[in-house]
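Reader: I'd like a close look at one part of this predicted model. Take me through the spot I ask about, then work outwards from there.

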Amino acid sequence: MAYLAPSILSADFSRLGEQVALAEQGGADLLHFDVMDGAFVPNISFGSHVLKSLVGKTGLRFDVHLMTEHPERLLGDFATPQTEFIVVHQEACVHLHRVIQQIKELGIKAGVAINPATPVSMLENVLGDIDLALVMSVNPGFGGQKFIPVAYEKIQLLASYREMMNASFLIEVDGGVKLDNALAVKSAGVDVLVAGSAVFGIEDIAQRTREFKELIG
C-alpha cells in the first residue's frame, strides 16, 4: 500500500477548508504543504499561518516540505500537534545532519528532499537518520509541471539502499504525479505520492482522491 498526500499548493485558498475536507473524505492519508520562500525557489507560496489555520479542522496529518533557504530557522513555526513530517532540501542545508536532529528534537519525523539534478549519493550519509526521502520529480517552484522520468531510477536506487541497509525510511515523490503514472511510480518503490493539480485541480476532489487510492492502495 502507498499513501496519498494531496498538495494544497493547487487548492483554491478561498475554499481551502472545504477542499481539504473533500480530500479527507476521499481517503487522503496526509496533507502536503509546499512552502516556498522566493529565494531557494523562484516563487512564494505561504507561511506557517496557513498550516496553523487547519490544525484541529482536519483529521489529516501534515507533511511539510520546506523549499526554503536556511530551513532550520523555520522548523519551530511548522511544528504543530498534527505535523507528521518536516522535509528539508539537501541543497539548502550546509549542516544537514544537524538540521535532521533539530527536527527530531521537536518530536517530528525528519525528511530530506533532493532536486532532479541532485544524485541519490548525496543522501548516503544520512539515510540511517531520516524517516523519509523525497525525490523531486519536477524542478521545485511551481505546480502543474511534467514528471521528469529520471525520478524512477532515483526511487529504485533509494529502495535498494533501504533494503541493503535494512532501514525503514519512507520514499516520497513530488511533482507531475497523475493518475496515468501513479501505479508506475508506486511500482518503482514509492511509499508516499504527492499530487497537487491532479487532485485539487479537479472539480470532484473527493472522487479523484478515491481514484488515486484505488490505484495505489
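Which residue in β8 is the bridge partner of Ala 5?

Author: Val 194 is the one: Ala 5 has it as its bridge partner in β8. Keep in mind that this is a predicted model.

Let's start with the two strands themselves. β1 and β8, the latter covering residues 192-195, run parallel and are joined by 4 bridges. Ala 5 and Val 194 also turn up together in a nonpolar core of 11 residues, which includes Ala 113 and Leu 132 too. That core is a second one, separate from the largest.

Now zoom out to the sheet. It's an open sheet of 8 strands with parallel pairing, and the order reads β1-β8-β7-β6-β5-β4-β3-β2. β1 is an edge strand, as is β2, and each of them pairs on one side only. Going from strand to neighbouring strand, the turn averages 25°, with direction ignored. On top of the pair you asked about sits a helix: α7 packs on the sheet and touches both β1 and β8. The direction of α7 makes about 150° with that of β1.

β1 has business with another helix as well. In α1, residues 16-25, the buried residues are Leu 16, Gln 19, Val 20 and Ala 23. Looking down the axis of α1, these buried residues fall within an arc of 100°, so they line one face of the helix. What covers them includes β1 (3-6) and β2 (30-36), along with the helices α2 (48-53), α6 (197-200) and α7 (205-216). So both edge strands, β1 and β2, are part of the cover over α1. Just after α1 comes Gly 27, with a positive phi of about 110°.

As for the largest nonpolar core, that one has 61 residues. Ile 8, Leu 31, Phe 33, Val 88, Leu 158 and Leu 193 have the most contacts inside it. Helix α4, residues 150-165, supplies the largest share, 5 residues. If you want to see one of those well-connected residues up close, try Leu 158: leaving out residues up to four places away in sequence, Leu 158 touches Val 120, Leu 123, Leu 127, Ala 133, Val 135, Phe 169 and Ile 171.

Further along the strand order you reach β5 and β4. Of the 6 residues of β5, 5 are buried, so this strand is largely enclosed by the rest of the structure. β4 and β5 run parallel with 5 bridges joining them, and Phe 85 has Lys 109 as its bridge partner in β5.

Follow the chain out of β5 and you come to Asn 115, in the loop between β5 (109-114) and β6 (132-136). Despite the loop setting, Asn 115 counts as buried, at 14% relative accessibility. The side chains of Asn 115 and His 89 make a polar contact at 3.5 Å. Besides His 89, Asn 115 touches Phe 40, Glu 91, Met 136, Pro 140 and Lys 154, again not counting residues up to four places away.

There's a second buried asparagine to compare with: Asn 181, in helix α5 (residues 179-188), has a relative accessibility of 10% and counts as buried. A polar atom of the Asn 181 side chain lies 3.0 Å from the backbone oxygen of Gly 176. Asn 181 is also in contact with Phe 147 and Tyr 152, setting aside neighbours within four places in sequence.

Two backbone oddities round out the tour. Most residues other than glycine have a negative phi, yet a couple of loop residues here go the other way. His 70, found between β3 (61-67) and β4 (83-89), has a positive phi of about 45°. With 36% relative accessibility, His 70 counts as partly exposed. Asn 166, in the loop between α4 and β7 (170-174), has a phi near 55°. Asn 166 counts as exposed, at 71% relative accessibility.

Back where we began, then: Ala 5 pairs with Val 194 across β1 and β8, and α7 packs against those two strands.

Methods
Residues numbered from 1 in each chain as written. Predicted model: local features only at pLDDT ≥ 70, side-chain atom pairs only at ≥ 80, totals over all residues. Heavy atoms only, no water. Buried < 20%, exposed > 50% of the residue type's maximum accessible area, 1.4 Å probe, protein only. Arc of directions from axis to C-beta. Contact = heavy atoms within 4.5 Å. Polar contact = N/O pair within 3.5 Å; in protein donor to acceptor, adjacent residues only side chain to side chain. Core = buried A, V, L, I, M, F, W, Y, C linked by side-chain atoms within 4.5 Å. Pairing = 2+ DSSP bridges. Axes fitted to C-alpha atoms, helices over the stretch in contact; angles between N-to-C directions.
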